Amino acid sequence: MRRGIAATALVASLALAATACGGSDSGDKADGPVTITWWDTSNATNEAPTYKALVKEFEAANKDVKVKYVNVPFDQAEVKFDTAAGSKGAPDVLRSEVGWTPAFAKKGFFLPLDGTEALAEQDKFQPSLIEQATYEGKTYGVPFTTDTLALVYNKALFEKAGVEAPKTWDDLKKAAATIKDKTGVDGYWGSTQAYYAQSFLYGEGTDTVDVDAKKITVTSPEAKKAYGTWQSLFKGKGLHKADTTADAYAHIQDAFVSGKVASIIQGPWEITNFYKGSAFKDKDNLGIATVPAGSTGKAGAPTGGHNLSVYAGSDKAHQEASLKFVKFMTSAKAQETIALKNSTLPTREDAYTAEVKADPGIAGYQGVLSAAQPRPALPEYSSLWTPLDDELLKIAGGKVSLDKGLGNAETAIAKLVPDYTK
């Protein structure tokens, strides 16, 4: 369910690789429809049924194309595609996490889409999302779904405590203490994961690396201040202590939807699960606000989401069929359908219809998208969170000091981007 986290390194299974129809060994009859394979990496239970229905709709309107739908677990898809593409057995279309796009483009696995029918309506998409699909001046994906992080909160608990959505991290500390006094529940529960800590970096005007200067910045004064603020939110009245267990994500989510904690930082991929909780049977009780700002006075959150990308190793017929399919799946009509069924955020403004925005979760997250920051087009960028995940967990658990943990992360990151200076 997490977005923007580097996929677990798992060996690709031969059975799944065999389902790919890319390249010239597809077995299509010369006078029959072209069969393309789509690897969808969405949640198989909550999201996939909508995509399967759209595939059938596409096939009904395009008799010359058949789509073989394969749902691939998100945490396995990156490595599976990398292995399959390297052996010319990749699917024709991949639902690619935005962080994977530049990495696969660099390897030559994705087809540039500039000037193709897949990007014929490029001006309808949010420019920052097109930017995230771009590598070295070419566009390698069409934005399919987008997301970002927000402060989600229980309106009833906030109102009972007489507090408003905080604008800064200091405001959040004060609000959490008041909520604890007035309601008896913790006001905030933070995550130890590096992706969720990005907002603290943006609030201090920095990032894990400075791409322009080719410099690692996790131990810069700004980053230390950011992570110091992050660390301080695990201790104090109304602030839940850090959960360093393997099930921390589920524990935080469950506490929030059951009303046992008043606010967390979370993304829109959990909207449908919010509504399943006892605290949000009334959907209007879900508050969504921009993440608090740091000392710069500016708030920022990472932009996540997925693009639809076309395999460069497919033959011309399969690529043309794939481009037609991608155009259909990223159309305003398809995106509206996906938003209504899955409560995910469209990537184009004309898909935010009145019916879509009637969902308070979608409307709320659309309102915070202006604070979302696109990731730099660095192929290794998403992998930088892995060493930070390891070290932030130790820092939050009191195993290492902040300086020691960030120093360890810097050393590990230097191996991932060896041409960057410390």
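# Notebook: helices, cores and hollows

I began with helix α2, residues 48-61. At 1.5 Å a residue, its 14 residues should span 20 Å, and I found its end C-alpha atoms 20 Å apart, so the two agree. A reminder to myself: this is a predicted model.

Next I asked which residues of α2 are buried. My list reads Ala-48, Thr-50, Tyr-51, Leu-54, Val-55, Phe-58 and Glu-59. I then looked up what these buried residues pack against, and found four strands named, β1 (34-40), β2 (65-71), β3 (93-97) and β6 (142-148). The helices α12 (316-329) and α13 (332-342) are also packing partners of the buried residues of α2.

**Entry on the cores.** I turned to the largest nonpolar core, which has 44 residues. Which of them touch the most other members? They are Leu-149, Ile-216, Tyr-227, Trp-230, Ile-265 and Leu-388. I noted that α7 (169-183), α8 (194-202), α9 (221-232), α16 and α17 (402-416) each supply at least two residues of this core. Of these, α8 gives the most, with seven residues. Apart from this core lies another, of 30 residues, and I was pleased to meet Leu-54 and Val-55 again among them, along with Val-65 and Met-329. A general note for the margin: in soluble globular proteins, nonpolar side chains tend to be buried together.

I picked Ile-265 for a closer look. Leaving aside neighbours within four places in sequence, Ile-265 is in contact with Leu-149, Ala-150, Leu-151, Trp-169, Tyr-188, Tyr-196, Val-291 and Pro-292.

**Entry on α16.** I repeated the length check here. The twelve residues of α16 should span 16 Å at 1.5 Å a residue, and the end C-alpha atoms are 16 Å apart, which agrees. The buried residues I wrote down are Trp-385, Pro-387, Leu-388, Asp-389, Glu-391, Leu-392, Ile-395 and Ala-396. They pack against α8, α9 and α17. After α16 comes Gly-398, and I noted its positive phi, near 75°.

**Entry on Leu-384.** Where does Leu-384 lie? I found Leu-384 in the loop between β13 (372-373) and α16 (385-396). Is Leu-384 buried or exposed? Its relative accessibility is 0%, so Leu-384 counts as buried. Not counting residues up to four places away in sequence, Leu-384 touches Thr-208, Val-209, Leu-378, Ile-413, Leu-416 and Val-417. I also checked Phe-104, which is 280 residues from Leu-384 along the chain; their C-alpha atoms are separated by 16 Å.

**Entry on empty space.** How many cavities of 30 Å³ or more are there? I counted four. The largest has a volume of about 80 Å³. Its lining includes Val-98, Gly-99, Pro-102, Gln-132 and Thr-134, and also Arg-375, Pro-376, Ala-377, Leu-378, Tyr-381 and Ser-382. By class, I have six nonpolar, four polar and one charged residues in that lining. Leu-378 is thus on two of my lists, as a lining residue here and as a contact of Leu-384.

I finished with the second largest pocket, where about 340 Å³ of space lies. Of its 15 lining residues, Glu-78, Ala-103, Lys-107, Pro-379 and Ser-383 are the closest to its centre. The elements that give two or more residues to the lining are α3 (74-86) and α4 (100-106), and α4 gives the most, with four. I sorted the lining of this pocket into six nonpolar, four polar and five charged residues.

Note on methods. Residues are numbered from 1 along each chain as its sequence is written. This is a predicted model: local features need pLDDT of at least 70, side-chain atom pairs count only at pLDDT 80 or more; totals for chains, interfaces and linings use all residues. Side-chain values use heavy atoms; hydrogens and water are left out. Buried means under 20% relative accessible area, exposed over 50%, partly exposed in between (1.4 Å probe, protein chains only). Contact means heavy atoms within 4.5 Å. The expected span of a helix is 1.5 Å times one less than its number of residues. On a 1 Å grid over the protein atoms alone, a cavity is a set of points where a 1.4 Å probe fits but cannot get out, and a pocket is an open set with protein on both sides within 12 Å along at least five of seven lines; lining residues have an atom within 4 Å of a point. Grid points are joined across faces, edges and corners, and a volume is the space filled by probe spheres set on the points. Ala, Val, Leu, Ile, Met, Phe, Trp, Tyr, Cys and Pro count as nonpolar, Asp, Glu, Lys and Arg as charged, and the others, Gly among them, as polar. A nonpolar core is a set of buried Ala, Val, Leu, Ile, Met, Phe, Trp, Tyr and Cys residues joined through side-chain atoms within 4.5 Å.
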